[in-house]
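Welcome! Take a moment to look over the sequence and the model, and then we will walk through some of the details together.

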Amino acid sequence: MIAAALLLLALQQGAATPSRVQMGVVIRPETVTVGDPFRVSVRVRAPAGATIEFPAAPDSAADVEALDTRRVTPAAPGAVVEQTADYRLVAWNVGRVPLELPDVVVRLAGGGVQRISLADAAVEVRSVLPADSALRVPKPPRPPLVAPTPWWVWALLAAAIAALLWLLYRLWRRRRGRGTPALVVDPYDAAQREFARVEALGLVDAGERGRYAALMVDVVRDYLAARLGGAPLSLTSRELLAALRDQRSVPSGRLAPLLEEIDQVKFARRAVSVERAREVGREARAIVAETERAEQARVESERAARAGAAARGASPRGRAA
């Protein structure tokens, strides 16, 4: 007897004839062991003009797996359409294992569609273990192994805790005001140091005359922002001149053309000669020095005025008035 049973199924009403759709399934061998390959042949006969679509492989979640690509063999032409699909499969479970092949779809010439189920196709699979083997019975789970904590883990933890406590202590000291007070730098002294630093770069001799001039003017802007307070660095040159309009200590007549020229150097890449670069440096120093003298004179004048007002208020005539 051939390995599996041959099943003929007529999907339309009436007896099976060449004008009806018929199917047969053959499994060779009928009984296999786990992991052994076996072959399945699905043969379908349909009326002339029909199209037969066989499934590509078993369902991916099934206990049966395809080893090769499905092969479809058409029969000799005749009054009916007849095709055979061969599958080479392997089963991974024991007992009666369904093949889990999807339906065969037959599209008739008149436009109808018939689906042929392969749900009953199965193979007998026996175990490769002895009949009295108890290996299939899973053992109870063992409790997890608890390894002792190494000493260095505790050492790292202690070091981390100590570092955290030290940081908290430093923050507490800072909030208590015991840290070093911030160093207050006079704007004029800072400007003189910056002028010296730019000069020490040797940019003019290196051919970077435009950069030298721009840096010297930037020192002027830093000084004005720090000394006057109403000239932040975020202002454009035009906005800066407008903000300094009422500042009598700033020589705006000398500052305006200098800012305009440096804007051309920065944004229009205007060339600067060696002589002009050095003139810009001297002019930047002169503007800072003149502004500082005017600011110091203003401060002294205001201090003298306050002292005079206090003296007049303390005199008898002032008290009588």
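Helices and strands here are DSSP runs, numbered from the N terminus, and a helix needs at least four residues. With that in hand, Arg 303 and Glu 300 can be placed: both lie in helix 6, three residues apart, or about one turn of the helix. Please keep in mind that this is a predicted model.

**Salt bridges**

- The structure holds 18 salt bridges, and a few of them are worth a visit.
- Side chains of opposite charge can pair when their charged atoms come close.
- Within helix 6, the side chains of Arg 303 and Glu 300 meet in a salt bridge, at 2.7 Å from N to O. Arg 303 is partly exposed, with a relative accessible area of 42%, and Glu 300 is partly exposed too, at 44%.
- Arg 276 and Glu 261 also join their side chains in a salt bridge, with 2.4 Å from N to O. This pair links distant parts of the chain, 15 residues apart: Arg 276 sits in helix 6 (residues 274-314) and Glu 261 in helix 5 (residues 252-268).
- Is Glu 261 buried or exposed? Glu 261 is buried, because its relative accessible area is 13% and buried means under 20%. Arg 276, at 30%, counts as partly exposed.
- A further salt bridge brings together the side chains of Arg 115 and Asp 103, at 3.7 Å from N to O. Arg 115 belongs to strand 10 (residues 113-116) and Asp 103 to the loop between strand 8 and strand 9, so the pair ties together parts that are 12 residues apart in sequence.
- Arg 115 is exposed, with a relative accessible area of 54%, while Asp 103 counts as partly exposed at 30%.
- Arg 43, Arg 45 and Glu 82 are linked in a network of salt bridges.

**Strands side by side**

- Strand 11 (residues 122-126) runs parallel to strand 2 (residues 31-33), and three bridges join them. Val 32 has Val 125 as its bridge partner in strand 11.
- Strand 8 (residues 95-98) and strand 11 run antiparallel, joined by four bridges. Here the bridge partner of Pro 98 is Ala 122.

**Helices**

- How far apart are the end C-alpha atoms of helix 3? They are 29 Å apart, which agrees with the 28 Å that its 20 residues (209-228) should span at 1.5 Å a residue.
- The buried residues of helix 3 include Tyr 212, Met 216, Arg 221 and Leu 228.
- Just after helix 3, Gly 229 takes a positive phi of about 80°.
- Leu 164 lies in helix 1 (residues 151-175). Leu 164 also helps form a nonpolar patch on the surface, together with Trp 154, Leu 157, Ile 161, Leu 165, Leu 168 and Leu 171. The accessible area of this patch is about 730 Å² in total.

**Backbone details to look for**

- Most residues other than glycine have a negative phi, and most peptide bonds are trans.
- Glu 100, in the loop between strand 8 and strand 9, has a positive phi near 55°. At 40% relative accessibility, Glu 100 counts as partly exposed.
- Arg 269 has a positive phi near 55° as well, and lies in the loop between helix 5 and helix 6. Arg 269 counts as exposed, at 79% relative accessibility.
- The peptide bond from Arg 28 to Pro 29 is cis, with omega near -10°. Pro 29 is found in the loop between strand 1 (22-28) and strand 2.

How values were computed: Residues numbered from 1 in each chain as written. Predicted model: local features only at pLDDT ≥ 70, side-chain atom pairs only at ≥ 80, totals over all residues. Heavy atoms only, no water. Patch = residues over 30% accessible without salt bridge, like charges linked within 9 Å, V, L, I, M, F, W, Y side chains within 5 Å. Areas by Shrake-Rupley, 256 points an atom, 1.4 Å probe, with all protein chains shown as cover. Salt bridge = Lys/Arg side-chain N within 4 Å of Asp/Glu carboxyl O. Helix = DSSP H or I, 4+ residues; strand = E, 2+ residues; numbered from the N terminus. Expected span 1.5 Å × (residues − 1). Buried < 20%, exposed > 50% of the residue type's maximum accessible area, 1.4 Å probe, protein only. Pairing = 2+ DSSP bridges.
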